Amino acid sequence: MRSFVQFDGEGDAANARPRAIGGHPAVVVTELCRRKTPGNPYADREGYVPFGKLVDYSAGRSNGCTSWSTSDSERILALVKNKPTTLYIYPESTDIVAITRAVKAGRSPSRAGLYWNASCLKEILSPNFWPRETLEPVLVQYKKDHPLPPPQPAPICK
């Protein structure tokens, strides 16, 4: 379990809630197994508790969500707790198209009055907006070609 700030989104990001896009601490549990610990409040009916290694990936990338370091997460979660909050993170398609046009024309985005993270722009060269009509069929086909395996309990710890 980890804290999660659910984004509602609007415009191009209006599907944030159904896609479960939000913000959370940049940590994940790996090497998950179940350890017999009867009496533990987190134990299941058989007395097993999930056990694993907590990995901090705050220097890496998330799979679509905004993720923060543990210390930043504590501050952010305290700020937004029970308070509707506005947060602008994802650019609109028009912003992405404007950056792409500026880059292709050889103009500096900042001089054109546009913002895009400079180190990101250096890495990707130019952003690309994928409209829903283009991307959604690809995602649907991917899900058909790669169905999720049936859920199974984590193995027993050795």
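## Bridges, a disulfide and a ring with charges over it

Arg132 and Glu136 meet through their side chains in a salt bridge, with N and O 3.6 Å apart. That comes from a predicted model, so keep it in mind for everything below. The count of salt bridges comes to 3, and a search of the whole structure turns up 1 disulfide. Arg34 is the residue to look at if you like puzzles: it is buried yet has no salt bridge.

**Salt bridges**

- Back to that opening pair: Arg132 and Glu136 are 4 residues apart in helix 4, which means about one helical turn separates them.
- Arg132 is partly exposed, at 46% relative accessible area, and Glu136 also counts as partly exposed, at 42%.
- Arg75 has a salt bridge with Asp72, where the closest N and O atoms are 3.0 Å apart.
- These two sit 3 residues apart in helix 1 (residues 70-80), so Arg75 and Asp72 are about one helical turn from each other.
- Arg75 is exposed, with a relative accessible area of 57%, whereas Asp72 is partly exposed at 31%.
- Asp8 pairs up with Arg17 in another salt bridge, and here the closest N and O atoms are 2.6 Å apart.
- Both ends of this one are partly exposed: Asp8 has a relative accessible area of 45%, and Arg17 has 47%.

**Arg34 and the ring of Tyr48**

- Arg34 belongs to strand 3 (residues 27-36).
- Why does buried Arg34 have no salt bridge? The nearest side chain of opposite charge, Asp44, is 4.1 Å away, and a salt bridge needs the nitrogen and the carboxyl oxygen within 4 Å, so this pair doesn't count.
- What does Arg34 touch, leaving aside residues up to four places away in sequence? Its contacts are Asp44, Tyr48, Val49, Pro153, Ala154, Pro155, Ile156 and Cys157.
- With Tyr48, the charged end of Arg34 sits over the ring, 5.0 Å from the ring centre.
- Lys36 lies over the face of Tyr48 too, at 4.7 Å from the ring centre.
- As for rings pairing with other rings, the count comes to 0 aromatic pairs.

**Cysteines**

- A disulfide joins Cys33 to Cys157, with the sulfurs 1.9 Å apart.
- The pair ties together distant parts of the chain: Cys33 is in strand 3 and Cys157 is in the segment after helix 4, 124 residues apart.
- The link between Cys33 and Cys157 is right-handed, with 90 degrees about the S-S bond.
- Cys33 and Cys157 are both buried.
- Cys65 is in no disulfide, and the nearest cysteine sulfur, that of Cys120, is 17 Å away.
- Seen from the other end, the closest cysteine sulfur to that of Cys120 is in Cys65, and 17 Å is too far for a bond.
- Cys65 is buried, with a relative accessible area of 17%, while Cys120 counts as partly exposed at 26%.

**Leu125, out in a loop**

- Where is Leu125? Look in the loop between helix 3 (118-124) and helix 4 (132-145).
- Is Leu125 buried or exposed? Leu125 counts as exposed, at 62% relative accessibility.
- Leu125 and Ala78 are 47 residues apart along the chain, and their C-alpha atoms are separated by 37 Å.

Key
Residues are numbered from 1 along each chain as its sequence is written. This is a predicted model: local features need pLDDT of at least 70, side-chain atom pairs count only at pLDDT 80 or more; totals for chains, interfaces and linings use all residues. Side-chain values use heavy atoms; hydrogens and water are left out. Rings of Phe, Tyr and Trp (its six-membered ring) pair if their centres lie within 6.5 Å; planes under 30 degrees apart count as stacked, over 60 as edge-to-face and the rest as tilted. A charge sits over a ring if NZ of Lys or CZ of Arg is within 6 Å of the ring centre and within 35 degrees of the ring normal. Buried means under 20% relative accessible area, exposed over 50%, partly exposed in between (1.4 Å probe, protein chains only). Lys and Arg count as positive and Asp and Glu as negative; His and the chain ends are not counted. Contact means heavy atoms within 4.5 Å. A disulfide is a pair of cysteine sulfur atoms within 2.5 Å.
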